[in-house]
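Here are my notes on the charged pairs, the nonpolar interior and the surface of this structure, set out point by point for your own check against the coordinates.

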Amino acid sequence: MLKKSLYITLFFILSGILGFLCQVLYAKHFGAGPQIDLFFALHSIPTIITGIAPVIFASVFIPIFAEMRQERLLDYIAVVRKRVVFFSLLFSLVGGYLTYYNLDRIYPGALNGETYPLAVGLCLLFWTSTCFSLVNGFWACVHNYFKRFVLISVIPLLVYIGIIVSVLMIGPHIGVLSVALGMTAATIVQFIIYRIAARQRVDSSLYAVCRDYAHISQLSGRILLITASLLPFTAFGFIAYQWGGILEPGAVSYLGYAHSFSGFLSVAASMGLATVSFPDLAKELSREDPHRIRVALNAFERAVRMAVLFILVISIFTIVYMQPVLQILLQRGKFGAIDIGNLARVMPWYFLGGLCIAVMNLVRNVFYSAKLYVHLAVIGVGATVLFVCIRLLLSDHISFVEVGMVEFFCLLFFALVSLVFLRIRYACFNCSFYLDIFKYTVVCMASCVVAVVVDWLLPGNFWTVGRIVVCGTVYMAAVDSLLVRVLRNEEIVRVNRILCYRLRRLVLGCKIDNE
């Protein structure tokens, strides 16, 4: 699983890189102001569902696919697809209608003669994209079950490519509308590719359709529970943007940029492992064999450790060098030094929140595989209610930095309660798990000290990019050395061997095959 996860993770890392590039273009062309504020605020509404649609479909249907006979599976998928298409159309029409008639409530005080046409255009494009995104989420679930991991890892790259091309070509002429246009075009292309790749046979007999529709109708309650359990992943962004809308100008923009950066990092750290591990985990937990469940959970816990280590390594170094990193990435065009300073103040909290999201991207698979939907839904709703209560209590008495701080602590509550529940239920994620995370944190901080010392020894007029590269290289070498030689981490040793083998094979070609 580790080797396969590494390959898939590379695609998610590439996705994160393209996402970073999108944020760089946003900052350069649109800066931090009313238009980009409106973009983040309106985009956060359909994202409450589209952001979790692939997870909902995978969590509901992959365990069902695993239990279903092969001769019925393709017919069942065809019937589900029809229901998903109908729901997507209905949801997009209703959502677009409600958003259009509540534009002044979504972002109070931002609408005027200049921004109102922009809001209408964004609303139309976002909800059109939502319709296709929901259907694409179901197709991703189907291909995930059949272990077409490369396909479902590559297809999401099209969204970022579409956004980049659209912003570069027409961004200077139509502003942030170019982002929504590129996003919508990319989701339509995704739909076409997914549909062609399926090549499905359909049994349209009345008996098959009625039988499978009846079974799908019974899943409505499960879908609602999974949606509730995923509220912290999507609703938190919407709540934070609404909160930022009543604070200082540009607050929504800073929260939006920070939220996007941390989201890309958490996806790169966890979604590769989550995608690969979920089908096998669902099959093992469905067999109800205590020994096989224990083996599967032990392997899964090691995967979670790797995801936590990955994001800790990146987050701690980036937090230490936050200001110069943001200057290199974003300080150009309409995004000035003041904007860099404001974003650097809130980013650390979102990086820490990204760690919690990465953990939950993986841990929720255990809940869904074991069909513990109610338990995770209660925890997710509890964390969301906590965030809403704090928002209502503090209102406009804090800055956008404290908004990020509150969001992090609510995400931490969500992750810790979930892990404690699994420890009680399955005796996993015990004290050794938290001790290892503490050790990883100490290793990263000690390596940062080494990097800072090297930074101090470099000339004062040294090139900023070169300084980051040198310090980052020293930091990674120190982390790897401490993990292998001091902690003797077996997973890191295996990763090193795989990377060394691939590097030697790339350099020496077929000569390595003779060894």
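1. R467 is buried in this predicted model, its relative accessible area being 15%, and the acid with which R467 pairs, D455, is likewise buried, at a relative accessible area of 17%. The two residues form a salt bridge in which the closest N and O atoms are 2.3 Å apart. Because R467 belongs to helix α20 (residues 464-486) and D455 to helix α19, the pair ties together parts that are 12 residues apart in sequence.

2. How many salt bridges does the structure hold? There are 3 salt bridges, and beyond the one between R467 and D455 the list includes a contact between the side chains of E301 and R305, with an N to O distance of 3.1 Å. Both E301 and R305 are placed in helix α14 (residues 290-320), where a spacing of 4 residues puts them about one turn of the helix apart. As for their exposure, E301 is buried with a relative accessible area of 7%, and R305, at 13% relative accessibility, also counts as buried.

3. R305 also forms a salt bridge with D436, and here the closest N and O atoms are 2.7 Å apart. Since D436 lies in helix α19 (residues 431-457) while R305 lies in helix α14, this pair ties together parts that are 131 residues apart in sequence. Which residues are joined into one network by salt bridges that share partners? They are E301, R305 and D436. As general background, side chains of opposite charge can pair when their charged atoms come close.

4. The nonpolar interior deserves a separate look. The largest nonpolar core has 158 residues, and among these F61 and L343 touch the most other members. Helix α16 (residues 337-369) supplies the largest share of this core, namely 18 residues.

5. F61 appears again among the contacts of C141, for C141 touches F57, A58, F61, I62 and F65 when residues up to four places away in sequence are not counted. C141 is located in helix α6 (residues 115-145) and, at 2% relative accessibility, counts as buried. Between C141 and P54 the C-alpha to C-alpha distance is 6.3 Å, although 87 residues separate them in sequence.

6. Helix α15 (residues 322-330) offers a case in which burial can be related to direction around the axis: M322, V325, L326 and L330 are buried there. When one looks down the axis of α15, the buried residues fall within an arc of 100°, and they therefore line one face of the helix.

7. Which residues form a nonpolar patch on the surface? The patch consists of F86, L90, V94, Y97, L98, Y100, Y101 and Y116, which together have about 840 Å² of accessible area. Helix α4 (residues 70-100) contributes the largest share of the patch, with 6 residues. Y100 has its place in helix α4, and Y100 counts as partly exposed because its relative accessibility is 33%, a value that falls between the limit of under 20% for buried residues and that of over 50% for exposed ones.

Notes: Residues numbered from 1 in each chain as written. Predicted model: local features only at pLDDT ≥ 70, side-chain atom pairs only at ≥ 80, totals over all residues. Heavy atoms only, no water. Buried < 20%, exposed > 50% of the residue type's maximum accessible area, 1.4 Å probe, protein only. Helix = DSSP H or I, 4+ residues; strand = E, 2+ residues; numbered from the N terminus. Arc of directions from axis to C-beta. Salt bridge = Lys/Arg side-chain N within 4 Å of Asp/Glu carboxyl O. Contact = heavy atoms within 4.5 Å. Core = buried A, V, L, I, M, F, W, Y, C linked by side-chain atoms within 4.5 Å. Patch = residues over 30% accessible without salt bridge, like charges linked within 9 Å, V, L, I, M, F, W, Y side chains within 5 Å. Areas by Shrake-Rupley, 256 points an atom, 1.4 Å probe, with all protein chains shown as cover.
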